[in-house]
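Work through the exercises below with the sequence and the model open. Each task is followed by a solution in steps.

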Amino acid sequence: MDPGDFIHRLKLANNFWIGRFANRGYSESAGIHIGDVKAADKAAEFINGFADKFKIDLGASPDSDLRWRALMYPAEGHRLGYVLGQQEAMKEHGAKAWKRILHPELSQSGPCVLCIADSAIVHPIEEDFVLLHPGDRCTVAETIAYFPTPPEAVAPGEKPEIEFPVPGRPTISDILQMLKDSVSELGRGIQHIVRRIRG
C-alpha cells in the first residue's frame, strides 16, 4: 500500500477510536451532554500530528517492520482521549484546576523527571492534560486530581476534591479488537491497516 494512503486511513481509524475513548471518559465521569464530546477532536489532532513523520519513515524504509509504530496510535490515543473526555466532564462539574499526582510506590522504575516536574504544577482546567512521552510507564502509577478552585488558590498539599487514575495502555489483543471494530464500522477500505499491522 502507498504510505500516503496508509497514513490517511490510519488517521481515519484514529479519529474513530479516539472518539470512542473520549466519549467513554466523558460518560464515566458523569458528563451531562449527549453526543460526541469536543475532547475527541483535540485528542485526535494531537495523536495524528505524529503520523506525517510516520509516513516519511514508511516511504524511506518500505521493507522495515514498523508494526510497533502503528500499534502506538491506538495505545496512546486510548489514554489521551479518555483523559480529555474526563476533563471535559469535570469542567462541567465545576473543576477549576487539575494536577498530575504520582504514585511511585505503584511502579518498579518510578516516575521520570518530566512527570516529576509537571506534578509540581497545578494547571488551569482549560489547559489540556498531555502525555509527556509516548509509551511511558509513568501513567500506570499516576492519577489526575481535580480542584474546585483556581490554580492560584490551591494551597500546597491541599487535598483534591476528586482523583481519577490515568488508564493504562491496552494490550495487543485489545488493540487488535479495536482494529476489527474499526473495520466493521468504517468499511472494508481500512482492512489493509489490519493486514499491515498483523503482518
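**Exercise 1.** Find the residues that Y146 touches, leaving out those up to four places away in sequence.

Solution. The model is predicted. Start with the contacts of Y146 at V83, Q86, Q87 and M90, then add A95, A97 and W98. Continue with I125, and finish the set for Y146 with P160, E161, I162 and F164.

**Exercise 2.** Identify the separate second core and list members of it.

Solution. This core has 5 residues, among them A97, I101, F147 and V154.

**Exercise 3.** For the largest nonpolar core, determine which members touch the most other members, and which elements supply it.

Solution. Step one: the core holds 36 residues, and F54, F129 and Y146 touch the most other members. Step two: at least two residues of this core come from each of α1 (3-28), α2 (39-48), α3 (51-60), α4 (67-92) and β3 (142-147). Step three: α1 gives the largest share, 10 residues.

**Exercise 4.** Decide how the buried residues of α2 are arranged around its axis.

Solution. First list the buried residues of α2: A39, A40, A43, A44, I47 and N48. Viewed down the axis of α2, they fall within an arc of 150°, so they line one face of the helix. Next, look at the other side of α2, where D41 and E45 are exposed. Last, ask what covers the buried residues of α2: the cover includes α1, α3 and α4.

**Exercise 5.** Locate A30 and describe its backbone and exposure.

Solution. A30 sits in the loop between α1 and α2. Its phi is positive, about 65°, although A30 is not a glycine. With a relative accessible area of 44%, A30 is partly exposed.

Technical notes: Residues are numbered from 1 along each chain as its sequence is written. This is a predicted model: local features need pLDDT of at least 70, side-chain atom pairs count only at pLDDT 80 or more; totals for chains, interfaces and linings use all residues. Side-chain values use heavy atoms; hydrogens and water are left out. A nonpolar core is a set of buried Ala, Val, Leu, Ile, Met, Phe, Trp, Tyr and Cys residues joined through side-chain atoms within 4.5 Å. Buried means under 20% relative accessible area, exposed over 50%, partly exposed in between (1.4 Å probe, protein chains only). Helices (H or I, at least four residues) and strands (E, at least two) are DSSP runs, numbered from the N terminus. Contact means heavy atoms within 4.5 Å. The arc is that of the directions from the helix axis to the C-beta atoms.
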